[in-house]
Amino acid sequence: MKMKSRPTCVGQASMERIRSIPHHDYLTDLPNRVGAHDCLDEALTRARRRFSKVAVLSLDLDRFHLINETLGFLFGDLLLQSISERLKGILSEGDSVARVGDDEFVMILAHITEAEEAVKTAQKVREELSGPHRLKDHQIMTVDFRITASIGIALSSLNGDEAETLLKNANSAMMWAKREGGDCYHFYTAEMNAAILERLTLESGLRDALQRNELFLEYQPQLDLMTGKIVCVEALARWNYPGIGVIPPSRFIPLAEEMGLIGLLGQRVLETACVQNKKWQWAGLPPIRVAINLSAYQLQQKSLVETVKRVLKETGVNPADLEFEITETIMMQNIEATIATLFELKEMGIRIAMDDFGTGYSSLTYLRRFPIDVLKMDRSFLVDTSGKQDSMAIIIGMIDLARRLKLRVVAEGVETETQLDSLRLHGCDAIQGFLFSSPLPADDVTKLLRGISGDSRKCRK
Ligand code: C2E
Ligand code: MG
Ligand code: MG
């Protein structure tokens, strides 16, 4: 790829110097981390003389690992080159951009008088990156790729005077932006460091927990309202972090996604849940399905179907005893490929449930195209159904819709007798929720299935 000769640090002389010493990134022709430090030192010295400020923008690409994993490293490299060209195009005279990590960049804005100028640049970066990147390999393949970034901003004098501090604080602000879901920018604030420290602790803890197999599963039964029997249990991942306590999946699943660990985590969940289901069968208990939540990443993996086949073969679980729960929002990503994968799973005999139904943005047209068997109504519709006619009307509508589409309908988060009575009255097929049972360790499910728990109304919160 041809590189522009525009200076990226402080003029051509500096650029030559950067190229000649190991301060330079060969892939993008930009300064590297050491080079960024030098550029920032120079910019700070000049700003002090001029009584102006320097802004540091720390940029991290969102889910960059996906491109390497799905399209290969060549396309990953091409994307990084395309991004560095666009970032260079945004610079004003005297500004710099450096590549400081795999998918991390730092921009140094050398003459800032107001924070607003840094915001404008951050917005420009978002615009520039979001346009499709046309990537071509040596052969025939061309891919149009869109990417977003998380951006953290630190300002000299306000957030530090030294290069090291400013780079660190911009990085903390970037991690904050990432925590908010990415594709946004954040200014550094002093409180961020404590929160970032906590996150870093969680990150390393999660890595260790996976290596040491410290994550475990609980199973939440679903009660069939026609037969009064448990027909399915949903496997829910749990992490008891030594010294910190139980971390909810809503915190560690997104973290695992960002860290590229969700593939491994998902595979462990699948294996453990299948082995457990086989144990229940060996114990002579009535066959039940085990439902597993799939993440967006797992669904996009080409290897998903092969992995599922392997696990079913190794554990001897009947595909009819396995169900995958996929949220509406995840199903709507990369729709055609998702439909193809779901059909493959369905043809194997596995059931597909649309999870948290009613909270995403799915078009009803797609309900017919997705090969789904089960609609799981999100629990938000059940909240205070006794008092709210609107919520009840939506629930009745969803049950009716499911019936007409010949889908099984399950209500999530059933907590009260009133809710149960209404659901029964309107023909809901099954319920899941604290009223019947909270998620339980496998041994407690065994007792429940044997009917010796004695209390099927158990509420364990
Ligand atoms: P979900 O799949 O919708 O799971 C149901 C969540 O609702 C569970 O939260 C469950 O404990 C909670 N719940 C069940 N009954 C009630 C109730 O009556 N009232 C209330 N207030 N809550 C109830 P949990 O275990 O914290 O899981 C949260 C989410 O994390 C799950 O939502 C699922 O999306 C995700 N998750 C859990 N395990 C996994 C996993 O192994 N892989 C993936 N990809 N996601 C998982
Ligand atoms: Mg679920
Ligand atoms: Mg759900």
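**Notebook: a sheet and a metal site**

I started with strand S4 and found that 5 bridges join it to strand S5 (residues 104-112), the two running antiparallel. I keep in mind that this is a predicted model. For one spot in that pairing, I looked up Ser-96, and it stands opposite Ile-108 in S5.

Next I wanted the whole sheet. It is an open one made of 5 strands, in the order S4-S5-S3-S8-S9, and the pairing is mixed. Which strands stand at the edges? They turn out to be S4 (96-101) and S9 (184-187); each has a single partner strand, so one side of each has no neighbour in the sheet. I also checked the twist: on average, neighbouring strands here are turned by 20 degrees against each other, ignoring direction.

Then I looked for what lies across these strands. Helix H2 (residues 33-50) lies across S3 (53-61), S4 and S5, and it runs at about 15 degrees to S5.

New page, new topic: the metal. Which residues give the protein donors of the magnesium ion (ligand 3)? I noted Asp-355 (OD), Asp-356 (OD), and Glu-412 (OE) listed twice, lying 2.0 to 2.6 Å from the ion. Along the sequence, the donor residues are spaced D-D-x55-E. Asp-355 and Glu-412 link distant parts of the chain, 57 residues apart. Asp-355 is in strand S15 (residues 351-357), while Glu-412 is in the loop between strand S17 (408-411) and helix H16 (417-425).

Are Asp-355 and Glu-412 buried or exposed? Both are buried.

Last entry: Asp-355 also bridges two metals, the magnesium ion (ligand 3) and the magnesium ion (ligand 2), which lie 3.8 Å apart.

Note on methods: Residues are numbered from 1 along each chain as its sequence is written. Chains are lettered from A and ligands numbered from 1 in the order in which they are written. This is a predicted model: local features need pLDDT of at least 70, side-chain atom pairs count only at pLDDT 80 or more; totals for chains, interfaces and linings use all residues. Side-chain values use heavy atoms; hydrogens and water are left out. Donors are N, O and S atoms within 2.8 Å of the metal (3.2 Å for Na, K and Ca); water is not among the atoms, so sites may look incomplete. Helices (H or I, at least four residues) and strands (E, at least two) are DSSP runs, numbered from the N terminus. Buried means under 20% relative accessible area, exposed over 50%, partly exposed in between (1.4 Å probe, protein chains only). Two strands pair if DSSP finds at least two bridges between them. Axes are lines fitted to C-alpha atoms, for helices over the stretch in contact, and angles run from 0 to 180 degrees between N-to-C directions. Contact means heavy atoms within 4.5 Å.
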